[in-house]
Number of protein chains: 2
Amino acid sequence: MSQLDTGPIEAYLHEHIPLSKAMGVGVRSATRDRVVLSAPLEPNINHRGTVFGGSAGALAILAAWTLLHLRLTSEGHHVHLVVQRQAMSYEKPIRGCFHATSVLPSSNAWSRFTTTLRRRRRARIRTTSSLESDGQTVGRFEGEFVAVSQ
Amino acid sequence: MSQLDTGPIEAYLHEHIPLSKAMGVGVRSATRDRVVLSAPLEPNINHRGTVFGGSAGALAILAAWTLLHLRLTSEGHHVHLVVQRQAMSYEKPIRGCFHATSVLPSSNAWSRFTTTLRRRRRARIRTTSSLESDGQTVGRFEGEFVAVSQ
């Protein structure tokens, strides 16, 4: 799947969600099926010298939101998209740069989501992100997002 | 329950978890049973002009962590305390200053937690925070934390 230009996506996040700038969030790669965001340790450090759980959660939400938003836009949908619930497990302490990878739900789930969105102008979808650092999975995220057509 | 001095708690958070400073987190009140943290909209705003879900989650984690840490310290425990899993629901968009209130679990749950901590030097506890803004509950948080004696 062809890579999208990551610069404008990163600029959008930094401009519209200033906490992403404070966190040092970067867009490592983006396609219509998969988004990888990264962040360095320093601005996200906690009292233990590892990544603050709130930063890890925020990066996971951003990765999932960015992927859904990119994909919806590329399919011609103009929506407001917000997180409605999320859950996260922290499996290992994160001791350095970390990244969150969000992949699109199954094509069946995506098809149901966009069909409902077209029909009712409002639909919800579940998505997941995984957090990695130093080549290991360090956390898992699940979020439910609601899209409302504009 | 007597109020603790909020200044040193706020200074500790800002120094050791720099994202809390970037978010503008303040300690509104703190007792051994209840901690209320607050944050303004501006540094936590999203593309919709409301609070970014990652900021809301981070404030809830901080409130829960701060209460558990204060209470454990006041009872003479010296622990490392980290979030292991968390879940949050976003019930309403947050359009201004918001705060997270964390209250201590039941005295039975607390007693089991500290007994296990003394016996095994490691214990876990579930706790909740609620998010409020403009007099309304706007989100609910549940977190599981692990304490390890030092």
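Here are a few notes on how the two chains of this predicted model fit together.

1. Start with the symmetry. Chain B lands on chain A after a rotation of 180 degrees, with 0.0 Å of shift along the axis and an RMSD of 0.0 Å. The two copies are thus related as by a two-fold rotation axis. If you want to find that axis on screen, go to Ala87(B): of the residues of chain B, its C-alpha comes closest, at 2.0 Å.

2. Next, the sheet. What is the order of the 12 strands in the open sheet? Reading across, you get E1(A)-E2(A)-E4(A)-E5(A)-E6(A)-E3(A), and then E3(B)-E6(B)-E5(B)-E4(B)-E2(B)-E1(B), with antiparallel pairing. The edges are strand E1 (26-30) of chain A and strand E1 (26-30) of chain B, each of which pairs on one side only. Ignoring direction, neighbouring strands of this sheet are turned by 25 degrees against each other on average.

3. The join between the chains is worth a look. E3(A) and E3(B) pair in the antiparallel sense, over five bridges. To get your bearings there, pick Ser89(A), which stands opposite Arg85(B) in E3(B).

4. Within chain A, look at strand E5 (residues 122-133) and strand E6 (residues 136-149). These two are antiparallel partners over 12 bridges. A handy marker is Glu132(A), with Thr137(A) of E6(A) opposite.

5. Now for what lies across the strands. Helix H3 (residues 53-74) of chain A lies across E1, strand E2 (34-39), strand E3 (79-90), strand E4 (98-103), E5 and E6 of chain A, together with strand E3 (79-90) of chain B. Helix H3 of chain A runs at about 140 degrees to E3(A).

6. Back to the interface, this time by residue count. 29 residues of chain B are in contact with 29 residues of chain A. On the chain B side, the elements giving two or more residues are helix H2 (18-22), helix H3 (53-74) and E3. Which element gives the largest share of that side? E3(B) does, with nine residues.

7. As for chemistry, the side of chain B that touches chain A divides into 15 nonpolar residues, 12 polar and two charged.

8. One last point on how the copies meet. 100% of the interface residues of chain B are also interface residues in chain A, so the two copies meet through the same surface.

How values were computed:
Residues numbered from 1 in each chain as written. Chains lettered and ligands numbered in written order. Predicted model: local features only at pLDDT ≥ 70, side-chain atom pairs only at ≥ 80, totals over all residues. Least-squares fit on C-alpha atoms with pLDDT ≥ 70 in both. Contact = placed C-beta atoms within 7 Å. Pairing = 2+ DSSP bridges. Helix = DSSP H or I, 4+ residues; strand = E, 2+ residues; numbered from the N terminus. Axes fitted to C-alpha atoms, helices over the stretch in contact; angles between N-to-C directions. Nonpolar A, V, L, I, M, F, W, Y, C, P; charged D, E, K, R; others polar.
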